[in-house]
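Visitor: Hi, I've got a few minutes before my next spin. Can you walk me through this one?
Guide: Sure, let's bring it up.

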Amino acid sequence: MSTTLAYMEKALKDFHHYKNILFNLGVREHLDIPKIHSLLHYVHSIIWFGTTDNYNIEIIECFHIDFCKEGWYTSNHHNEVPQMIS
């Protein structure tokens, strides 16, 4: 494993070690976020397949945008956040 990948692995371990502070402070209720989950696979993917050229999660972001728009369109456009996330 290269030095850079070792740094990446350590940073991810540190993040998971300290992430509870986000819950304790009420910043987040959960971390079920695709980008955070995908970080778990980066180091192994780089080792197995090489560089991450053109690697992105654009499809997931497009789904997020579509779902947000759908929520907005079905709301009454007043106090929309609770309507969109329920």
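Visitor: What covers the buried residues of α3?
Guide: This is a predicted model, and in it the cover over those residues includes α1, which spans 3-18.

Visitor: Which residues of α3 are buried, then?
Guide: Ile36, Ser38 and Val43 are buried there.

Visitor: Where is the kink in that helix centred?
Guide: On His41. Helix α3 covers residues 34-49, and the kink is about 40°.

Visitor: And what is α3 followed by?
Guide: Gly50 comes next, with a positive phi near 95°.

Visitor: Switching to charges: how many salt bridges does the structure hold?
Guide: Just one. Lys10 pairs with Asp14, and their closest N and O atoms are 2.8 Å apart.

Visitor: Why are those two about one helical turn apart?
Guide: Because Asp14 and Lys10 sit four residues apart in helix α1. An α-helix has 3.6 residues a turn, so residues three or four places apart point the same way.

Visitor: Is Asp14 buried or partly exposed?
Guide: Partly exposed, because its relative accessibility is 30%.

Visitor: OK, new topic. Which residues form the nonpolar patch on the surface?
Guide: Ile21, Leu25 and Val27, with about 310 Å² of accessible area together.

Visitor: Where is Val27 found?
Guide: Val27 lies in the loop that runs between α2 (20-24) and α3.

Visitor: Buried or exposed, that Val27?
Guide: Exposed: Val27 has a relative accessible area of 53%, and the cut-off for exposed is over 50%.

Definitions and conventions
Residues numbered from 1 in each chain as written. Predicted model: local features only at pLDDT ≥ 70, side-chain atom pairs only at ≥ 80, totals over all residues. Heavy atoms only, no water. Bend = angle between axes of the 7 residues up to and from the residue. Buried < 20%, exposed > 50% of the residue type's maximum accessible area, 1.4 Å probe, protein only. Contact = heavy atoms within 4.5 Å. Salt bridge = Lys/Arg side-chain N within 4 Å of Asp/Glu carboxyl O. Patch = residues over 30% accessible without salt bridge, like charges linked within 9 Å, V, L, I, M, F, W, Y side chains within 5 Å. Areas by Shrake-Rupley, 256 points an atom, 1.4 Å probe, with all protein chains shown as cover.
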